[in-house]
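Trainee: I'd like to learn how to read a protein model, feature by feature. Please take me through this one.

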Amino acid sequence: MKLGRISAPSPDGDQIRLVAVEPEQNRVIDLARAYAVAQQTKSATPEASRRLAAALFPSSMAQAISAGPVFLDSAHWAVEHAGDDAAVSIEQVSWVAAVDPPVIRDGLTFPEHMQHFSEKVGGGPPNPQLFKTPGYFKGSTGVVYGHDQEIPYPGFSEFVDYELEMGLIVGAPGRNLTPQEAVTRLFGVTIFNDFSARDIQGAEMGMGMGPQKCKDFAYGIGPWITTIDELPPIDSLVGTVRVNGQEWATTSSDGMIYSPEELLAYVSIGDNLQPGDLIGSGTLPNGSGLELDKRLSPGDVLELELTGVGVLRNRMSATVDTAPWWPEPRPYPFATVGAEAGAGHDQ
């Protein structure tokens, strides 16, 4: 099943609705509406049917997933019994991020991308630790954007980049899991775009604190989630990057150092997986502009495609999003500038 979130007008303002997506029929199905209609055919009152539907299909995808199997079972039941009564053309809807993740973790698991990145920045070979334990950072959940939403072009960067990744969506809680246990927690896959400000990335990473403004200005999530039962093998997906209609790259999900279930299991060590968490697979080979000596400009339309999922399209704002303040450097009080010598890069 393909599941997404749209913004729909209501008397009380725009509301976020969960939808089942049927691209082959060019439509989406409002799950709460379909469920309520179907319940009324079974003698439920309109008020009771809407109350049940709201509990099963809230505005939060993460909350819906946390209900466990009853969420997907109810979604399938609603589509089967009243899908036609709650269908809307895909062209008529406004999308938001496919999931509202409690936590975003972004991994680094494709050696070919690591090699390309290192060659471009002159940083030497990839860190051997990445082949001993999976690497990942945590990103801001306050700057997530969905399909066809405009991305503010950050005024603090002159090298804005995209990164085509698989977004692994957690379906159930877990802690200290084995990979065999973690695979049952994988709900589905979406497209994850880990936007990057490359020109400030090295300086930030050199502080040893992880990425900050170089990452936390935008994350693209969408267009929807394909549940794991309907997805081709994860290591066989084909990705395509297009900018302003021109194909920039094709890539494949083959060659991960650690499998998705190993990523989930590693994250769960001493930590808690939560329903709706998003774990980025890391950038697919040639899935970033840096690898191709290309960058995004204001007004560019970016399309990231992944077989089995769909196309995530976003336009960069034509105007630059400029903040009214940026910190001034302070005097460096130490004898040597060790931070400059030890600068590193996140990918």
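Mentor: Let's start with the naming: helices (H or I, at least four residues) and strands (E, at least two) are DSSP runs, numbered from the N terminus. Asn176, for example, sits in the loop between β12 (174-175) and α6 (179-182). Bear in mind that this is a predicted model, where local features need pLDDT of at least 70, side-chain atom pairs count only at pLDDT 80 or more, and totals for chains, interfaces and linings use all residues. Residues are numbered from 1 along each chain as its sequence is written, and side-chain values use heavy atoms, with hydrogens and water left out.

Trainee: What is the secondary structure of the protein chain?

Mentor: There are nine helices and 21 strands. For overall size we use the radius of gyration, taken over C-alpha atoms, and compare it with the globule rule, 2.2 Å times the number of residues to the power 0.38. Here the radius is 21 Å and the rule gives 20 Å for 347 residues, so the chain is as compact as a globular protein of that length. Along the principal axes, the C-alpha atoms fill a box of roughly 80 × 45 × 40 Å.

Trainee: How do I read burial, and what share of the 347 residues is buried?

Mentor: Buried means under 20% relative accessible area, exposed over 50%, and partly exposed in between (1.4 Å probe, protein chains only). In this chain, buried residues make up 51% of the 347.

Trainee: Back to Asn176, then. What is its phi?

Mentor: Asn176 has a positive phi of about 50°, although it is not a glycine. With a relative accessible area of 47%, Asn176 is partly exposed. Asp293 is another non-glycine with a positive phi, about 60°. Look for Asp293 in the loop between β19 (278-280) and β20 (301-306); at 62% relative accessibility, it counts as exposed.

Trainee: And which residues of helix α5 are buried?

Mentor: Here's the general idea: an α-helix has 3.6 residues a turn, so residues three or four places apart point the same way. In α5 (residues 111-121), the buried ones are His113, Met114, His116, Phe117 and Ser118. Their cover includes β6 (104-108) and α7 (198-205). Just after α5 comes Gly122, with a positive phi of about 65°. Now try α8 (residues 260-268): Pro260, Leu263, Leu264, Ala265, Val267 and Ser268 are buried there. Gly270, just after α8, also takes a positive phi, about 70°.

Trainee: Where do the helices α1 and α2 meet, and at what angle do their axes cross?

Mentor: Contact means heavy atoms within 4.5 Å. Axes are lines fitted to C-alpha atoms, for helices over the stretch in contact, and angles run from 0 to 180 degrees between N-to-C directions. The axes of α1 (residues 31-40) and α2 (residues 46-56) come within 8 Å and cross at roughly 140°. On the α1 side you'll find Ala32, Tyr35, Ala36, Gln39 and Gln40, and they meet Pro46, Ser49, Arg50, Leu52, Ala53 and Leu56 of α2.

Trainee: What about residues distant in sequence? How far apart are Ile90 and Val21?

Mentor: They are 69 residues apart in sequence, yet 8.3 Å apart in space, C-alpha to C-alpha. Ile90 lies in the loop between β4 (87-89) and β5 (94-95) and, at 18% relative accessibility, counts as buried. Leaving aside neighbours within four places in sequence, its contacts include Val21, Pro23 and Trp95. Across the chain, 76% of the contacts with a separation of 6 or more are between residues 24 or more positions apart.

Trainee: Where is Asn193 found, and is it buried or exposed?

Mentor: Asn193 is in strand β13 (residues 186-194) and is buried, at 0% relative accessibility. Beyond four places in sequence, its contacts include Tyr162, Ala218 and Leu304. Set Asp199 beside it: that residue is in helix α7 and is partly exposed at 38%. Asp199 touches Phe156, Ser157, Glu158 and Phe159, not counting residues up to four places away in sequence.

Trainee: One last feature: which residues does a cis peptide bond join?

Mentor: Gly222 and Pro223, with omega about 0°. You'll find Pro223 in strand β15 (residues 219-227).
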